[in-house]
Amino acid sequence: MVIDYSKYYWRNSVITLRRPKEDDWECLVHHMFDSQGRFFFNEKIDLPTDLELYKRRTEFLDPEKLNYTCFAIENSEGKHVGIANLFNIDERNGTFGPIGIVINPTDRGKGYAVVAYRMLGKYMFNERRMHKWNNGYIEENKASETLHKKIGFIIEGVQKDMYYHEGRYWNQVICGMTETQFFENEKRRPNLY
Ligand SMILES: CC(C)(COP(=O)(O)OP(=O)(O)OC[C@H]1O[C@@H](n2cnc3c(N)ncnc32)[C@H](O)[C@@H]1OP(=O)(O)O)[C@@H](O)C(=O)NCCC(=O)NCCS
């Protein structure tokens, strides 16, 4: 069946956000072998990975089993290039986040993370009536620092010595933005659709 995606909310000229599916492990596995990227994403070095076990992971396929929402990121050629995990939707206070994101090492630097964050921010503020997005990144994570600056996040503080890695402590940068700040920044950026 040929589907007309031209009016579909979750697709633009750069990416599609979709539900995870079974063979998504094939993209995610590359991330599992990028230990520094894994530390930046998951704040630790994992124990050795077993590929066969990893292939059979299914928990990310079942939203009921997760305490977060997992989005698979596909590029315009339909290639799965990464994931974004949305945590902590607080309906009472109108806050959400963090949204953790990882792009397959060979697909980085092509703008996918910026576009995925823009799409998710627009959805959370415009459709879920959220007021503030809270996020953070490890201080040395220059790619993430640039990503957050581009979206328009404002640094609210630095939590010292939050993680232990490579025999030393690493700081966490805390940042956030309201819907007003998000859409002010959006006005300066090209339309995604
Ligand atoms: C952080 C991450 C998600 C960025 O994904 P990406 O798709 O490569 O990011 P984008 O292509 O949208 O780039 C965002 C900006 O960061 C810049 N950037 C990318 N890597 C960079 C680096 N190592 N140092 C400085 N800037 C960098 C890009 O050039 C781009 O800026 P530009 O538009 O001016 O060129 C990706 O590097 C990643 O998966 N890292 C490992 C996991 C991780 O750190 N997740 C974030 C945890 S908070």
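These notes go through the sheets, the core, the ligand shell and one exposed loop residue of a predicted model.

1. First sheet. Strands 1, 2, 3 and 5 form an open sheet in the order 1-2-3-5, with antiparallel pairing. Its edges are strand 1 and strand 5, each of which pairs on one side only. Direction ignored, neighbouring strands of this sheet are turned against each other by 20° on average.

2. Strand 1 against strand 2. Strand 1 covers residues 15-18 and runs antiparallel to strand 2, to which it is joined by four bridges. Within this pairing, Thr16 of strand 1 has Glu74 of strand 2 opposite it.

3. Strand 2 against strand 3. These two strands are also antiparallel, with seven bridges between them. Ile73 stands opposite Gly82 in strand 3, and Phe71 has Ala84 of strand 3 as its bridge partner. The two strands make a hairpin with four residues between them. In the turn, Gly78 has a positive phi of about 85°.

4. Second sheet. A further open sheet of four strands has the order 4-6-8-7, and its pairing is mixed. Strand 4 (95-96) and strand 7 (154-165) are the edge strands, each pairing on one side only. Strand 4 runs parallel to strand 6, and two bridges join them. Phe96 is placed opposite Trp133 of strand 6.

5. Helix 6 on the second sheet. Helix 6, residues 179-187, lies across strand 6, strand 7 and strand 8. The angle between helix 6 and strand 8 is about 85°.

6. Nonpolar core. The largest nonpolar core holds 31 residues, and those with the most contacts inside it are Ile73, Ala84, Ile101, Tyr112, Ala116, Tyr117 and Leu120. At least two core residues come from each of helix 2 (35-42), strand 2 (68-75), strand 3 (80-87), strand 5 (99-103), helix 4 (112-126), strand 6 (132-138) and strand 8 (168-178). Helix 4 supplies the largest share of this core, eight residues. Ile73 and Ala84, both listed among the residues with the most contacts in the core, also appear in the strand 2 to strand 3 pairing, Ile73 opposite Gly82 and Ala84 as partner of Phe71.

7. Contacts of Tyr112. Which residues does Tyr112 contact, leaving aside its neighbours within four places in sequence? They are Val14, Ile15, Ile73, Asn75, Val81, Gly82, Ile103 and Asp107. One of them, Ile73, is listed with Tyr112 among the residues that have the most contacts inside the core.

8. Ligand shell. There are 22 residues around the ligand, and those that come nearest are Phe40, Arg108, Ala113, Ala143 and Thr146. Helix 2, strand 5, helix 4 and helix 5 (142-151) each give the shell at least two residues. The largest share, six residues, is that of helix 5. By residue class, the shell divides into eleven nonpolar, seven polar and four charged. Helix 2, strand 5 and helix 4 each also supply at least two residues of the nonpolar core.

9. Lys44. Is Lys44 buried or exposed? Lys44 counts as exposed because 12 C-beta neighbours lie inside 10 Å, and a residue is exposed at 12 or fewer. Lys44 is found in the loop between helix 2 and helix 3 (51-55). Lys44 and Tyr163 are 119 residues apart in sequence, while their C-alpha atoms are 7.8 Å apart in space.

Terms used: Residues numbered from 1 in each chain as written. Predicted model: local features only at pLDDT ≥ 70, side-chain atom pairs only at ≥ 80, totals over all residues. Core = buried A, V, L, I, M, F, W, Y, C linked by C-beta atoms within 7 Å. Buried ≥ 20, exposed ≤ 12 C-beta atoms within 10 Å, placed from the backbone. Contact = placed C-beta atoms within 7 Å. Pairing = 2+ DSSP bridges. Axes fitted to C-alpha atoms, helices over the stretch in contact; angles between N-to-C directions. Near = placed C-beta within 6 Å. Nonpolar A, V, L, I, M, F, W, Y, C, P; charged D, E, K, R; others polar.
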